[in-house]
Amino acid sequence: ICWGPDYVLLYNDAYAPIAGAKHPWALGRGAREVYPEAWEMIGPMYESVIAQEQAANFLSDVLVPLRRSNYLEEVYIAFSASPIWDDNGRVGGVLNSALETTERVVEDRRRHLLSDLASRAAGARNEAEVWRVSTETLGANCLSLPFAFLYEYRPSVHQACLMGTSVETDEALHPPVIDCSTDNLWQFHPTLAKGGVLVEL
């Protein structure tokens, strides 16, 4: 609930994850103070609900930039905002029902990226083109996958050789060659021992 001219924020425990690190500080404070990063979008919506005395529904995935862990996040929310009348019959506040859909949106985007990557790599004429196309495709989709380092495993020498990077970073993060015969930061050794590929995001 956002109540009064300052839209004082009142919420239940289920809302706390959306508030993030701002909880419990946000409870009882004005919504403009709590969400300055999103107020350009939220403010006019609240004003419209109060002025028109009608609900506003955004049941699809709406991008709401939120700073809830001391950095700006890409957050998607499906929500509705309805007027709440006070004892004098005037609209005194706004009732919000919100469902965060960020995880589903990002997962869908990653699935599309992997599908796109598979179809583009399938059209490559040689191995070098596979690496190039893969690097370009991943690099063009940083919102779905912030970074990727592509290595070719060479079993005869138990080494993984860098074939491409989707972003420019310090070389220490992606050495040209990784020894896969011993346990190390990149965890190729236990993965190869199981005969599979493990990707931890």
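Here is a short exchange about the cores and one pocket of a predicted model.

Biologist: What kind of model is this, and how are residues numbered?
Modeller: The model is predicted; local features need pLDDT of at least 70, side-chain atom pairs count only at pLDDT 80 or more, and totals for chains, interfaces and linings use all residues. Side-chain values use heavy atoms, without hydrogens and water, and each chain is numbered from 1 as its sequence is written.

Biologist: Which residues touch the most other members of the largest nonpolar core?
Modeller: A nonpolar core is a set of buried Ala, Val, Leu, Ile, Met, Phe, Trp, Tyr and Cys residues joined through side-chain atoms within 4.5 Å. Buried means under 20% relative accessible area (1.4 Å probe, protein chains only). This core has 26 residues, and those touching the most other members are Tyr35, Tyr46 and Leu66.

Biologist: Which element gives the most to this core?
Modeller: Helices (H or I, at least four residues) and strands (E, at least two) are DSSP runs, numbered from the N terminus. At least two residues each come from H1 (16-19), H2 (31-34), H3 (39-52), S3 (56-67) and S4 (72-85). With five residues, the top contributor is H3.

Biologist: What does Tyr46 contact, leaving aside neighbours within four places in sequence?
Modeller: Contact means heavy atoms within 4.5 Å. The partners of Tyr46 are Cys2, Tyr7, Ala31, Trp39, Val94 and Asn96.

Biologist: How many residues are in the other core?
Modeller: That core lies apart from the largest one. Its members include Leu117, Trp131, Leu138 and Leu145, and their number is seven.

Conventions
Buried < 20%, exposed > 50% of the residue type's maximum accessible area, 1.4 Å probe, protein only.
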